[in-house]
Each structure stands twice: as C-alpha cells, then as structure tokens.
Amino acid sequence: MFTPKYPPQDTAPIPTAPAPTAYSSTAYVPAPAPASNRPAVQLTAGSTLALVAGGSAAVLVVGTVLVSMLLAVAITAASVAVCAVTVRSILKSDRR
C-alpha cells in the first residue's frame with residue numbers, strides 16, 4: 001500500500017551522437033520522447049459537479065474553523081480584560 005509505483009522501464013536503445021568536428025555545421029538532434037500510453041483525464045459533467053461541490057465544502061469547512069478560532073480568541077481577550085479590570089478595582093480599593 002505504501003510502496004511507490006514506478007512506471008515500467010524504457011527498453012529503447014539509447015541513440016548515439018556522431019562525433020562533432022570543428023568544421024561540422026550539423027548538430028545532433030535527439031529523437032522525440034515516446035508518447036505516454038496513459039489515457040487522458042476526461043471531465044464529465046458529473047465529475048465537474050463533484051469537484052465544484054467538494055471544493056465548496058472544503059472552503060466552507062476551513063472558513064468555519066477559522067471563524068470559530070477567531071471567536072475563541074475574542075472571547076478569551078474579553079474575559080482577560082474583565083479579569084484585569086476586576087483585579088485592578090480590588091487592588092485599588094485595598095489601598096484606601
């Protein structure tokens with residue numbers, strides 16, 4: 001399951017380049033790479049709709065998590081501010 005799957009080895013022979021000479025104007029041009037045998041990905045209407053729905057769901061979930069974290073920080077900040085005002089008030093009244 002966790003082992004990588006490699007494509008099959010290419011068994012084509014490696015082309016050899018002619019020896020370049022100082023006066024040769026022809027350059028070695030390698031042969032084009034062979035075409036892949038893998039089928040092209042085709043998006044149908046159903047798969048496009050599934051991709052759009054999945055992307056929208058992911059955006060909504062991430063947005064909900066971020067808003068809830070922001071709300072938690074805001075509530076924590078407000079409670080710390082109330083505690084600070086209360087402690088300050090207690091300490092001020094003790095000095096009198």
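**Fold.** I started with the secondary structure and counted one helix and zero strands. I'm keeping in mind that this is a predicted model. The helix is H1, and I found that it covers residues 45-95.

**Burial.** Next I asked myself: what share of the 96 residues is buried? The answer came out at 0%. Buried here needs under 20% relative accessible area.

**Surface.** I looked up the accessible surface of the chain and got about 9,500 Å². Carbon and sulfur atoms hold 71% of that area.

**Patch.** Then I went looking for nonpolar spots on the outside. I noted a nonpolar surface patch of about 470 Å². Val61, Val62, Val65, Leu66 and Met69 make it up. I checked Val62 and saw that this residue sits in helix H1.

**Pocket.** Which residues line the largest pocket? I wrote down Pro7, Pro8, Gln9 and Asp10, plus Pro34, Ser36, Asn37 and Arg38. Sorted by class, that lining has three nonpolar, three polar and two charged residues. For the volume of the largest pocket, I jotted down about 230 Å³.

Methods
Residues numbered from 1 in each chain as written. Predicted model: local features only at pLDDT ≥ 70, side-chain atom pairs only at ≥ 80, totals over all residues. Heavy atoms only, no water. 1 Å grid on protein atoms, 1.4 Å probe; cavity = no way out; pocket = protein on both sides within 12 Å on 5 of 7 lines; lining within 4 Å. Points joined across faces, edges and corners; volume = space filled by probe spheres on them. Nonpolar A, V, L, I, M, F, W, Y, C, P; charged D, E, K, R; others polar. Patch = residues over 30% accessible without salt bridge, like charges linked within 9 Å, V, L, I, M, F, W, Y side chains within 5 Å. Areas by Shrake-Rupley, 256 points an atom, 1.4 Å probe, with all protein chains shown as cover. Salt bridge = Lys/Arg side-chain N within 4 Å of Asp/Glu carboxyl O. Helix = DSSP H or I, 4+ residues; strand = E, 2+ residues; numbered from the N terminus. Buried < 20%, exposed > 50% of the residue type's maximum accessible area, 1.4 Å probe, protein only.
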